[in-house]
Amino acid sequence: MDVALELADRLGVDKKALCPEDDPQAVFNTVAAAKVLNEDNETWDNLVTITEDDLAELGVTGTPQEGRVPILELKRDGLYTIERTPDDGRNFVPFKEFREDPEGNPLNTESGKLEIYCRAASEKVHGWGFAELDPIAKYVPPTEGYEETFANWETKEKGEYPFQILSLHILRHSHSTFANVPNLREAFDHPLYMNNLDAERLGMETGETVLITSKWGRCLRPLLVTETVMPGVLGMGQGAWVEIDEETGIDMAGSMNVLCGPNVTTTGFQSWNTCICKVEKWDGEPLVPDYLWDAREVFEEE
């Protein structure tokens, strides 16, 4: 909200029109409106009792009311506990009617029952025209998943692209938003994460620049060796703004979109979260930390 208010100020929008209540008043309004279900499971009580003195103490406007607990007591304790009993009738049981009488309360399925073998789900996917889907639930190897990193799955012989790389949400930006902000780039790095066993086997160390190559593209990243990823698996943040070197065609920014191809999963979704790749030592100039790069800014001419 603070960001929105600052933008409003710069755009000449009245902050009071955008947000007429300050934070204390907004919190008070929410708490004052909270209700507690009574034991009859039909009627409701106010959660908090509010007096004129409470309004003055909190510095807000409102109406006194009776409730279960004084509002200042709730503010002090931070919680209100509702006593429960096994027979209080407040438990939610999924498909309760069906479980008690399956024939009298059939589900909205072809058989009226829970379907492990579900022809409707299979026919729905087939109708989309993307792929074949078995009517019975089973494991389906993902597109460019771990299995494809092997030239021979039975003998576990690795193939041309021996790593599965997964895209991660990282702290420096939200998807691609704020990905060009230098101080965020400095605060939160954007490396390629590799297991220490793989790094040792390849003779690679934290901090050195590596070349990541998939079926679809190439990019450079500094390496971070860690035990938090499995051997044979890599991790890299998603959302980086592409920075293609026009001479080599290599992305300098570590964009997962460069590495992932136009694959479609079994149920018709784009598989942007994973692909297979290989990693090599980079024999060119090491990457300059990207927080030192010139910020890319886009302005519209009036």
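**View 1. Lysine 158 sits over the face of phenylalanine 150**. In this predicted model, lysine 158 lies 4.0 Å from the centre of the phenylalanine 150 ring. The ring's owner, phenylalanine 150, is buried, because its relative accessible area is 12% and the cut-off for buried is under 20%.

**View 2. A second lysine lies over a ring, this one belonging to tryptophan 153**. Here lysine 156 is over the face of tryptophan 153, and again the figure is 4.0 Å from the ring centre.

**View 3. Tyr146, Phe150 and Trp153 come together as a cluster of rings**. What links Tyr146, Phe150 and Trp153 into a cluster? Ring pairs do the job, and the structure as a whole holds 3 aromatic pairs. Take tyrosine 146 and tryptophan 153: their ring centres are 6.4 Å apart and their planes meet at 90°, so this pair is edge-to-face. Phenylalanine 150 and tryptophan 153 are edge-to-face too, with 5.2 Å from centre to centre and 85° between the planes.

**View 4. How the cluster residues Tyr146, Phe150 and Trp153 are exposed or buried**. Tyrosine 146 is partly exposed, with a relative accessible area of 31%. Tryptophan 153 comes in at 37% relative accessibility, so it also counts as partly exposed. Phenylalanine 150, at 12%, is buried.

**View 5. The largest cavity and the residues around it**. How many cavities of 30 Å³ or more does the structure hold? Just 1, and about 50 Å³ of space lies in the largest cavity. Two tryptophans, Trp241 and Trp293, are in its lining, along with Ala179, Ala240 and Ala253. Arg172, Arg185 and Asp290 line the largest cavity as well, as do His173 and His190. By type, the lining divides into 5 nonpolar, 3 charged and 2 polar residues.

**View 6. Ile165 and Leu192 in the largest nonpolar core**. In soluble globular proteins, nonpolar side chains tend to be buried together. The largest nonpolar core here has 18 residues, and Ile165 and Leu192 are the ones that touch the most other members. Which elements each supply at least two residues of this core? The strands are β7 (163–168), β8 (192–195), β9 (209–214), β10 (218–226), β11 (233–237) and β12 (274–281), and the helix α10 (256–259) joins them. β12 gives the most to this core, with 3 residues.

Note on methods
Residues numbered from 1 in each chain as written. Predicted model: local features only at pLDDT ≥ 70, side-chain atom pairs only at ≥ 80, totals over all residues. Heavy atoms only, no water. Phe/Tyr/Trp six-rings, centres within 6.5 Å; stacked < 30°, edge-to-face > 60°. Buried < 20%, exposed > 50% of the residue type's maximum accessible area, 1.4 Å probe, protein only. Lys NZ or Arg CZ within 6 Å of the ring centre and 35° of its normal. 1 Å grid on protein atoms, 1.4 Å probe; cavity = no way out; pocket = protein on both sides within 12 Å on 5 of 7 lines; lining within 4 Å. Points joined across faces, edges and corners; volume = space filled by probe spheres on them. Nonpolar A, V, L, I, M, F, W, Y, C, P; charged D, E, K, R; others polar. Core = buried A, V, L, I, M, F, W, Y, C linked by side-chain atoms within 4.5 Å. Helix = DSSP H or I, 4+ residues; strand = E, 2+ residues; numbered from the N terminus.
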